[in-house]
Every structure is written in structure tokens, then in C-alpha cells.
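Please open the model in your viewer and keep the sequence panel beside it, since each stop on this tour begins with something to select.

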Amino acid sequence: MKETITLKWEKTSFSQMNELKNTYLYMFTRANKIIYIGKTGIRSKQSVQDEIRSKKESMLNSNVNGVSVWLAYLQVNNRYKNSIQRFSEQIVHDVENLLIYAVKPSQNVQCVDNYNGRDLCIVNSGCSLLKEKIESPTKKK
């Protein structure tokens, strides 16, 4: 039985990321293509902003021309019944891996070719670059 998690994606910019809370996943887009999907630490003291800024330096060589930042929030009241009500470190890890597996962003190197996490159905809203539903591949018995 697939677990369902619904994400509401919101577009922001590097300059508007002042007080962001309750987001554990983000992505960079450029020219209407998703170029990177990442996660921030749930238990770490590192803020969303610090994580994104560190990736900006290392991945984009600080060249943010045309780059948008998208943040994912857990959406609770929606037409899909969430079987997952709260993020845990492992759930965020699995969601990130499944998104990378499904989207194959150019700057991600891990999880592009396979997905080994829990049986998930991710429902996305707010970002037309993502399919509305991304489901984990059926596991072979």
C-alpha cells in the first residue's frame, strides 16, 4: 500500500528567503527546467537559507542568473488523503530520492538511476514543472 504525501511548491528567490520555516525540500530551476532537488536537515541547526546558499556556491558557482528557488511544504488539507502527517528524516530522504529518480535533474548525481525507498505517492501542487503525481516504481517480488 503506497503512502501518500502532498507537497505544495512555492516559488521564491534568493533575495526573498528571509524567514522560511517548515520546509524540508527545495529545487532550483532555470529556463523552465528543474536543475537540482535537495533537502534541508530536519534536526540540524542549519537553516533552509544556509543550505540553499551553500548549494548555490558549490553548484551554480554563484551564478544565479535565471535561477528560481522552489520550496516544498507539506500540504495537509487537500483532496488527497495524506497517510503521512509529519516529516521525519527518513521520509524526507525517500521523498527527495523519489523526486530525483522521477525528474532526473541535471545537477543531481545520486538516485538518478534507481529508487530503493518506501512505497510512495507524491502529489505535487503549485509547480507546473512537476507531474501532479509521482509514484514509486512497483517493487519486484
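Which residue in strand 3 is the bridge partner of Met27? Select Met27 together with Ile37, because under the pairing bridges used here Ile37 is the partner that strand 3 offers to Met27. Bear in mind throughout that this is a predicted model.

**The sheet**

Widen the selection to strand 2, residues 23-30, and to strand 3, and you will have two strands that pair in the antiparallel sense over six bridges. They belong to an open sheet of six strands, whose order is 3-2-4-1-5-6 and whose pairing is mixed. The edges of this sheet are strand 3 (33-39) and strand 6 (133-135), each of which pairs on one side only. If you look along the sheet, neighbouring strands are turned against each other by 25° on average, with direction ignored.

Next, add helix 2, residues 89-103, which packs on the sheet and touches strand 1 (3-12), strand 2, strand 3, strand 5 (120-125) and strand 6. The direction of helix 2 makes about 160° with that of strand 3.

**Strand 1 and its two partners**

Now select strand 1 with strand 5: the two run parallel and are joined by six bridges, and within strand 5 the bridge partner of Thr6 is Val123. Then exchange strand 5 for strand 4, which pairs with strand 1 in the antiparallel sense, again over six bridges; here Thr12 has Val69 of strand 4 as its bridge partner.

**Asn108**

Go on to Asn108, in the loop between helix 2 and strand 5. Is Asn108 buried or exposed? Its relative accessibility is 9%, so Asn108 counts as buried, the cut-off for that word being under 20%. Show the side chain of Asn108 as sticks, and you will find that it reaches the backbone nitrogen of Ile37 at 2.9 Å, which brings you back to the bridge partner of Met27. Leaving aside neighbours within four places in sequence, Asn108 is in contact with Ile35, Tyr36, Ile37 and Ile100.

**Val64**

For the last stop, select Val64, which lies in the loop between helix 1 (48-60) and strand 4 (67-74). Val64 has a relative accessible area of 26% and is therefore partly exposed. Residues up to four places away in sequence not being counted, Val64 touches Phe14, Arg30 and Lys56. Finally, draw a distance between the C-alpha atoms of Val64 and Ser13, which are 51 residues apart along the chain and separated by 9.6 Å.

Key: Residues are numbered from 1 along each chain as its sequence is written. This is a predicted model: local features need pLDDT of at least 70, side-chain atom pairs count only at pLDDT 80 or more; totals for chains, interfaces and linings use all residues. Side-chain values use heavy atoms; hydrogens and water are left out. Helices (H or I, at least four residues) and strands (E, at least two) are DSSP runs, numbered from the N terminus. Axes are lines fitted to C-alpha atoms, for helices over the stretch in contact, and angles run from 0 to 180 degrees between N-to-C directions. Contact means heavy atoms within 4.5 Å. Buried means under 20% relative accessible area, exposed over 50%, partly exposed in between (1.4 Å probe, protein chains only). A polar contact is a pair of N or O atoms within 3.5 Å; within protein, one must be able to donate a hydrogen and the other to accept it, and residues adjacent in sequence count only if both atoms are side-chain atoms.
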